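Dear colleague,

Please find below the structure that I am handing over to you. My findings follow directly after it.

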Amino acid sequence: MCLGIPGRIVRIDDAGRKLATVDVSGVRRQINIACIVDAEHPVESCVGDWVLVHVGFAMSRIDENEAAETLKILTELGEAQAEIEAMRQSALH
């Protein structure tokens, strides 16, 4: 099963290509943020945003409480660990 997992954008890597680094429970990975940017929320304003990450894309912005609750539920279900390990395998060094 493929899950979306909450993470926080920690830096913009390439604004033109809409690439950013996200932190998911201590694991950092580069993702595409094209789905969450628009005229009112440009690339540069995404640092610090909590997002739902799925297959290398930030699919939507979520608030911090929603992110914490989602991670708690996923952890309880045992699903988060597999997703975090998969990210760790492809993480930036």
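Strand E1 (residues 5-14) is joined to strand E2 (residues 19-24) by five bridges, and the two strands run antiparallel. Please bear in mind that the model is a predicted one. Together E1 and E2 make a hairpin with four residues between them. Within that turn, Lys18 has a positive phi of about 60°. One of the bridges in this pairing links Asp14 to Leu19 of E2.

E1 also pairs with E4, again in the antiparallel sense, over four bridges. In this second pairing, Pro6 has Leu52 of E4 as its bridge partner.

The salt bridges come next. How many are found in a search of the whole structure? The search gives three.

- Asp13 is joined to Arg11, with the closest N and O atoms 2.7 Å apart. Asp13 has a relative accessibility of 30% and counts as partly exposed; Arg11, with a relative accessible area of 39%, is partly exposed as well.
- Asp14, whose bridge partner in E2 is Leu19, forms a salt bridge with Arg17, where the closest N and O atoms are 3.9 Å apart. This pair counts as a salt bridge because the cut-off is a side-chain nitrogen within 4 Å of a carboxyl oxygen. Asp14 is partly exposed at 27% relative accessibility, whereas Arg17 counts as exposed at 58%.
- Arg28 and Asp23 meet through their side chains in a salt bridge of 3.4 Å, N to O. Arg28 is partly exposed, its relative accessible area being 40%.

As general background to these pairs, side chains of opposite charge can pair when their charged atoms come close.

I turn now to the cysteines. A search of the whole structure finds zero disulfides. Cys35 is in no disulfide, and the nearest cysteine sulfur, that of Cys46, is 11 Å away. Why is there no bond between Cys46 and Cys35? The sulfur of Cys46 is 11 Å from that of Cys35, its closest cysteine sulfur, and is therefore too far for a bond; a disulfide would require the two sulfur atoms to be within 2.5 Å. The two residues may also be described by their accessibility: Cys35 is partly exposed, with a relative accessible area of 47%, while Cys46 is buried, with a relative accessible area of 0%.

The backbone deserves a separate remark. In general, most residues other than glycine have a negative phi. Against that background, Ser25 has a positive phi, near 50°, in a residue other than glycine. Ser25 belongs to the loop between E2 and strand E3 (27-32), and its relative accessibility of 43% makes it partly exposed. Val55 likewise has a positive phi, in this case near 45°.

Val55 leads on to the region between E4 and E5, since the loop between these strands is where Val55 is found. Val55 is exposed, with a relative accessible area of 59%. Which residues make the nonpolar surface patch of about 280 Å²? Val55, Phe57 and Met59 make it. Of these, Phe57 lies in strand E5 (residues 57-62) and counts as partly exposed at 35% relative accessibility. Val55 and Phe57 both qualify for such a patch in terms of accessibility, because the cut-off is over 30% relative accessible area, and their values are 59% and 35%.

Is Gly56 buried or exposed? Gly56 counts as buried, at 13% relative accessibility. Its place is in the loop between strand E4 (50-54) and E5. With neighbours within four places in sequence left aside, Gly56 is in contact with Arg29, Ile31 and Asn32. Asp38, by contrast, is 18 residues from Gly56 in sequence and 19 Å from it in space, C-alpha to C-alpha.

In viewing the model, you may wish to begin with the hairpin of E1 and E2 and then follow the pairing of E1 with E4. From E4, the loop holding Val55 and Gly56 leads to the nonpolar patch made by Val55, Phe57 and Met59.

With kind regards

Key. Residues are numbered from 1 along each chain as its sequence is written. This is a predicted model: local features need pLDDT of at least 70, side-chain atom pairs count only at pLDDT 80 or more; totals for chains, interfaces and linings use all residues. Side-chain values use heavy atoms; hydrogens and water are left out. Buried means under 20% relative accessible area, exposed over 50%, partly exposed in between (1.4 Å probe, protein chains only). Patches are made of residues with over 30% relative accessible area and no salt bridge: like charges are joined within 9 Å, nonpolar side chains (Val, Leu, Ile, Met, Phe, Trp, Tyr) within 5 Å. Accessible areas come from the Shrake-Rupley method with a 1.4 Å probe; for residues, only the protein chains shown count as cover. Contact means heavy atoms within 4.5 Å. Two strands pair if DSSP finds at least two bridges between them.
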